Each structure stands twice: as C-alpha cells, then as structure tokens.
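Here is a short tour for anyone opening this model for the first time. Have the sequence and the 3D view side by side, and let's get going.

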Amino acid sequence: MLPALPLPSIAQGKRYTVPRPTGSADALLLAQFAQARKAQGQLTTLMTADPADAVRLMDEIAFFAPGLRCAIFPDWETLPYDTFSPHQDLISERLATLWRMQQGVKGEGETGVDVVLLPATTALTRLAPPSFLAAYTFHFKQKQKLDEAALKSQLTLAGYNHVSQVVSPGEYAVRGGLIDLFPMGSPVPYRVDLFGDEVDSIRTFDPDTQRSLYPVPEVRLLPGREFPMDEAARGAFRNRWRERIEGDPTKSRIYKDIGSGVATAGIEYYLPLFFDETATFFQHLGDPGKGGAAVVLHGDIDEALRRFWTETRERHRFLQHDPERPILPPDALFLKPEDFFTLANAHAQLVVRGSEPVDWARPLPALSVERGGQDPLRKLEQHIAQTPARVLVVAESPGRRES
C-alpha cells in the first residue's frame with residue numbers, strides 16, 4: 001500500500017515525510033505527486049541519494065504516468081578537480097534541462113518539463129546564473145505560441161540591447177508583429193514574424209540591407225559550454241584569477257590558455273572565475289515565494305552529501321599545492337550540506353526516507369552448482385524441498401533446463 005500524501009499540495013516551506021515504499025512503488029508514489037503538482041502549474045524536482053535511482057525513477061515514472069515530461073540533469077561524472085572535462089553530451093543535456101526548466105510546466109511539448117531528476121550531490125555544484133542561459137539559449141519554431149512580453153523580459157535579463165535596427169550580436173528590435181534578434185554566438189540574425197501570439201514564419205536576414213533571406217523551420221541555440229568564452233569574459237576571468245588565487249599567474253597553463261581563447265581540460269572547476277556571482281541549482285527552480293517548484297528528497301540525502309564533502313575536502317588537501325594548476329577551495333565550487341538544506345527548505349518538500357525494505361524480496365541462499373560432485377545440483381534440490389514457496393527455474397538453454 002502506498003503512503004498517503006497530502007494532495008493536492010504541500011505548502012511552500014513545509015515538509016512532508018513518508019517511508020520509502022516497496023520495489024517500484026516509490027516511482028508510482030512520485031508520479032502521483034508530480035501529476036498533482038503539474039495540475040497546479042508547478043515543477044517537481046526529484047533529488048536522489050543514489051545516482052542510479054535518478055535514472056531508474058525517470059524510466060519508471062514514465063511508465064506510470066506517460067503524460068509527464070521528465071528530464072535528467074546529469075552530473076559531470078568527473079571527480080572534483082579532475083584534469084579532464086565532462087563529455088560534451090553531458091554538458092549539452094545539462095544546458096538543455098536548465099533551459100527547459102526556465103520554460104517550466106507551461107512550455108509546449110518538449111520545450112517544457114514537469115519533472116527534473118538529479119543526484120543530490122549534483123545539486124551542490126555551483127552553476128552559471130540564469131542570465132547566462134537566457135543570453136545564449138533561444139528556441140523558436142513555426143506555429144508555436146510566443147509570449148512577446150516574456151521574450152522581451154528574457155532578452156533584457158540577458159543584457160540584450162533594445163534598438164530600432166538590429167545590426168550586431170546582442171541586439172533585438174520589436175516592430176509590430178516582427179521581432180528581429182541577433183543571438184550571441186550566432187553567425188546570422190533571425191526575423192520572427194508573428195500572427196497574433198503565434199510564430200508565423202522564421203527567416204534569416206542580412207543586417208546590412210535588412211532584407212530577409214531564407215526561411216528556417218525552427219531556431220534553437222544552446223551555448224556550447226556552461227560558461228562564456230568571449231573576449232570580455234576571458235578578460236574578467238584573468239582579473240578574478242589574480243584577485244582570488246595566490247602566486248604568479250603566468251606559471252599556470254590554464255591562465256595563459258584562457259588568454260589565448262583555449263578552454264583547457266578541467267576548466268569547469270574554475271567556473272566561478274567566469275562570473276561576478278554564481279548561482280545554485282535552486283535559483284534555476286524559480287522563486288519559492290511565487291510558486292517555485294516542489295522538491296522531493298529520495299533516500300539518505302544527509303549521508304550522501306556528507307560523504308561527498310569528505311571526499312572533496314580530501315582531494316583539495318591533496319591537490320592544492322600544485323603551482324602550475326592552483327585550485328579553488330571547495331566552498332567556491334560547491335554548496336555546503338547545510339546550505340543545501342537551507343535552500344531546499346524554502347520549497348514545498350516531500351521526503352521519501354529510508355532505504356528499500358529488505359524483507360519484501362528475500363535473496364536466495366547459495367545455490368551454485370558443485371562441479372565435479374556426485375550430485376552437482378544438491379543445494380538447489382534441498383532448497384526446493386524445504387521452501388514453502390513456488391519455484392521458478394530460469395535456464396540459459398534447453399539443455400541446461402533438461403539438466
């Protein structure tokens with residue numbers, strides 16, 4: 001039987017705790033919870049103590065509630081201070097999930113998301129602020145409804161300039177039902193023609209002649225990294241390096257590579273140097289006072305965060321004396337466990353406590369074949385004779401089955 005939930009909602013800043021159900025029943029419980037939150041227009045964020053549970057729950061929630069749009073926010077899958085970067089596919093998925101979170105449950109189709117799943121330790125990593133994602137990520141397609149006021153707000157947050165005529169990156173113009181936009185990092189600007197609140201057509205245009213060129217069915221631009229690499233950002237990186245890291249910066253290859261426009265492997269662990277102020281995963285969830293998102297904590301989160309911090313501090317102690325690769329302190333890169341819970345407590349919380357019950361599916365005793373013995377299957381025969389339960393024997397081939 002599933003634990004009772006205070007549906008349809010848990011108040012913001014309140015916590016409701018339930019024991020972990022048996023088997024896959026936790027996925028059914030969370031699917032019901034997420035459906036109730038979606039009906040209220042709120043995102044559900046599921047943080048797990050065990051990283052494997054995030055992937056399992058995503059698959060099982062999709063089985064119990066196919067109408068829920070689920071997304072994983074993956075970990076970098078590197079150890080703190082590693083000298084190689086995460087796989088590009090992981091970076092792309094992380095950025096795409098953050099962008100979908102900005103669209104929320106109101107986003108259409110796969111542009112929005114109802115449930116975001118991630119390991120709790122992944123939520124400790126400090127991220128680029130939402131303004132960075134707004135500046136480098138855009139998505140339009142034909143026949144999509146577009147909120148012009150929301151788009152202008154997003155562009156203003158990203159630092160775009162509202163001009164009368166778009167000629168260079170970082171500018172946008174609104175003229176009646178036309179929106180001209182030159183995204184940062186894009187080789188060409190785009191002209192979005194609206195019919196009411198619907199995208200009627202999308203075309204590229206020549207910024208010199210202002211003449212439309214060729215049509216495109218959709219535009220979706222994601223940044224290539226989780227930090228900017230334009231000249232201004234690289235200059236700010238070097239300034240912050242000199243302010244926050246002791247020693248001669250010219251002895252560090254990372255410092256020199258950034259000046260040359262090269263993102264050295266492992267540069268992700270210097271992400272705070274790219275921004276005046278980093279953000280947390282919780283900031284990407286929105287303001288809890290304005291609806292925000294519901295946070296689900298699954299499993300022994302306290303122990304997982306404590307173990308992560310112990311290992312991270314140990315790696316910092318071991319690696320901090322390399323003059324060619326000086327590193328930032330752990331609290332510059334990661335939230336402390338107490339800060340994690342302070343931020344989580346501002347949201348409506350469902351806590352699925354405890355580990356999976358061990359008595360619902362008892363493991364079998366040792367039933368291995370005694371090769372060379374007079375009765376190789378003696379242990380299996382004894383188990384069948386003694387157990388009151390029905391026995392299903394699965395063999396890899398018809399010959400094994402006959403044996």
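## A bridge between D200 and K143

D200 is partly exposed, with a relative accessible area of 33%; buried here means under 20%, exposed means over 50%, and partly exposed is anything in between (1.4 Å probe, protein chains only). K143 is exposed, at a relative accessible area of 52%. The two form a salt bridge, their closest N and O atoms being 3.8 Å apart; that term covers a side-chain nitrogen of Lys or Arg within 4 Å of a carboxyl oxygen of Asp or Glu. D200 sits in strand β10 (residues 198–205) and K143 in the loop between β5 (138–141) and α5 (148–157), so this pair ties together parts that are 57 residues apart in sequence.

A word on the ground rules: this is a predicted model, where local features need pLDDT of at least 70 and side-chain atom pairs count only at pLDDT 80 or more, while totals for chains, interfaces and linings use all residues. Residues are numbered from 1 along each chain as its sequence is written, and side-chain values use heavy atoms, with hydrogens and water left out.

## Other salt bridges

The structure holds 21 salt bridges. In one of them, the side chains of R191 and D180 meet at 2.8 Å, N to O. This pair links distant parts of the chain, with R191 in strand β9 (residues 190–195) and D180 in strand β8 (residues 178–182), eleven residues apart. Are R191 and D180 buried or exposed? Both R191 and D180 are buried.

E303 and R306 offer another case, with their closest N and O atoms 2.7 Å apart. Both lie in helix α8, three residues apart, which is about one turn of the helix. E303 counts as partly exposed at 28% relative accessibility, and R306 counts as partly exposed too, at 45%. There is also a network of salt bridges linking R20, D26, D53, R56 and E60.

## The sheet around β10

Back to β10, which belongs to an open sheet of six strands in the order β6-β7-β8-β9-β10-β11, with mixed pairing. β6 (161–162) and β11 stand at the edges with a single partner strand each, so one side of each is left without a neighbour in the sheet. Helices (H or I, at least four residues) and strands (E, at least two) are DSSP runs, numbered from the N terminus, and two strands pair if DSSP finds at least two bridges between them.

At one edge, β10 and strand β11 (residues 212–215) pair in the antiparallel sense over two bridges, and R203 stands opposite P215 in β11. The two strands form a hairpin with six residues between them, and Q210 in the turn has a positive phi of about 65°. At the other edge, β6 and strand β7 (residues 171–175) pair in the parallel sense over two bridges, with H162 opposite Y172 in β7.

## β13 and its neighbours

How many of the residues of β13 are buried? Six of its six residues are. A293, V295 and L297 point one way from the strand, while A294, V296 and H298 point the other way. That fits a common pattern: in a regular strand the side chains alternate between the two faces of the sheet.

β13 pairs with β2 in the parallel sense over six bridges, and T45 stands opposite V295 in β13. Five bridges join β13 to β14, and these two strands also run parallel; here V296 stands opposite L350 in β14.

## Helix α10 packs in

In helix α10 (residues 337–344), P337, F340, F341 and A344 are buried. Seen down the axis of α10, these residues fall within an arc of 90°, so they line one face of the helix; the arc is that of the directions from the helix axis to the C-beta atoms. They pack against β1 (15–19), β2 (43–48), β13 (293–298), α8 (301–319) and β14 (348–353), where contact means heavy atoms within 4.5 Å.

## The whole protein

Stepping back, the protein has twelve helices and 14 strands. Its C-alpha trace spans about 90 × 60 × 50 Å along its principal axes. Of the 403 residues, 46% count as buried. Residues 24 or more positions apart account for 69% of the contacts with a separation of 6 or more.
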